[in-house]
Amino acid sequence: MTMPGYLDLPRAKRRRLALLLVIRPTLTATCLVAAYFLLPMDTRLVGESLFWLVTGLIGVAALVVHETRAITRSEYPRLRAVQLIVTSLPLFLLLFASAYFLMDRATANTFTQAMTRTDALYFTLTVFTTVGFGDIAPRSEAARIVTMVQMLGNLILIGVAARVVVGAVQVGIQRRTAAGSAGNPAEPGGGTPAGPPE
């Protein structure tokens with residue numbers, strides 16, 4: 001007996017899955033944005049800002065690795081992949097926005113204009129989307145290095161991480177299908193129905 005797909009589930013179970021796998025990371029992303037705008041950012045040391053950026057990026061990488069493994073074991077890998085994307089992308093962008101904001105506060109003329117938190121987030125998004133309006137640009141060498149790191153991170157996040165997530169979803173679907181067909185007594189090598197995957 002194959003495991004039911006998401007649309008085959010009873011409405012109550014679908015709602016509960018949507019709550020856990022979509023609404024929760026959306027609330028997490030909302031809280032991250034609120035924290036970015038509300039928490040005090042007092043450091044005026046570029047080195048300290050860069051330390052927190054590197055620490056945050058290591059955390060994002062650990063999150064992606066952990067969640068990718070979870071996708072392969074999930075009953076509903078596509079929904080779990082949405083959870084990963086909705087959580088990791090805002091975290092990645094807000095880390096760079098915070099770094100740009102703090103760097104600008106630490107040293108005058110780091111960018112072509114003084115930046116508020118909104119300006120820093122705007123600059124981060126223009127770099128991420130490769131729009132590059134040119135109204136805000138890094139002036140200092142440190143700011144240019146961080147911007148280049150973000151550009152490389154964008155390529156990694158969009159290219160490699162997306163490919164890894166899609167691969168994990170495919171592995172999860174194959175695993176679910178294999179677990180379902182292994183429990184079908186009508187098929188060779190069948191047996192007792194398989195329980196839900198871990």
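Colleague: Is Tyr100 buried or exposed?
Modeller: The model is predicted: local features need pLDDT of at least 70, side-chain atom pairs count only at pLDDT 80 or more, and totals for chains, interfaces and linings use all residues. Residues are numbered from 1 along each chain as its sequence is written, and side-chain values use heavy atoms, leaving out hydrogens and water. The cut-offs for relative accessible area are under 20% for buried and over 50% for exposed, with partly exposed in between (1.4 Å probe, protein chains only). Tyr100 has a relative accessibility of 0%, so the label is buried.

Colleague: Which helix holds Tyr100?
Modeller: Helices here are DSSP runs (H or I, at least four residues), strands are E runs of at least two, and both are numbered from the N terminus. By that numbering, Tyr100 belongs to α3.

Colleague: How many helices does the chain have?
Modeller: Read the elements from the N terminus. The order is α-α-α-α-α. There are zero strands, and the helices number five.

Colleague: Which residues does Tyr100 contact, leaving aside neighbours within four places in sequence?
Modeller: A contact needs heavy atoms within 4.5 Å. One set of partners is Phe111, Met115, Ala120, Phe123 and Thr124. The rest of the list is Val146, Thr147 and Gln150.

Colleague: How far apart in space are Tyr100 and Pro138?
Modeller: In sequence, 38 residues separate Tyr100 from Pro138. In space, C-alpha to C-alpha, the distance is 9.2 Å.

Colleague: Why does Thr147 count as buried?
Modeller: Thr147 sits in helix α5. Beyond four places in sequence, Thr147 touches Tyr100, Phe123, Val127 and Pro138. Thr147 counts as buried because its relative accessible area is 4%.

Colleague: What is the relative accessible area of Gln150?
Modeller: Gln150 is also part of α5. Not counting residues up to four places away, Gln150 touches Phe92, Leu93, Phe96, Tyr100, Thr124, Val127 and Phe128. Gln150 is buried, and its relative accessible area is 0%.

Colleague: How many residues are in the largest nonpolar core?
Modeller: A nonpolar core joins buried Ala, Val, Leu, Ile, Met, Phe, Trp, Tyr and Cys residues through side-chain atoms within 4.5 Å. In soluble globular proteins, nonpolar side chains tend to be buried together. Tyr36, Ile71, Tyr100, Phe111, Met115 and Phe123 touch the most other members of this core. Its residues number 34.

Colleague: Which helix gives the most to this core?
Modeller: At least two residues come from each of α2, α3, α4 (117-128) and α5 (141-182). With 13 residues, the top giver is α3.

Colleague: Which residues does Met115 touch, not counting those up to four places away in sequence?
Modeller: Met115 is one of the core members with the most partners in the core. Met115 touches Tyr100, Phe101 and Asp104. Met115 also touches Ala120, Phe123 and Ile136.

Colleague: How many residues are in the other core?
Modeller: This core lies apart from the largest one. Its members include Leu9, Leu17, Leu21 and Tyr76. The count is five.

Colleague: What share of the chain is buried?
Modeller: Take the whole chain, with its 198 residues. The buried share is 37%.

Colleague: What share of contacts with a separation of 6 or more joins residues 24 or more positions apart?
Modeller: Tyr100 and Pro138 showed how residues 38 apart in sequence can lie 9.2 Å apart in space. Now count contacts over the chain, taking those with a separation of 6 or more. Residues 24 or more positions apart account for 70%.
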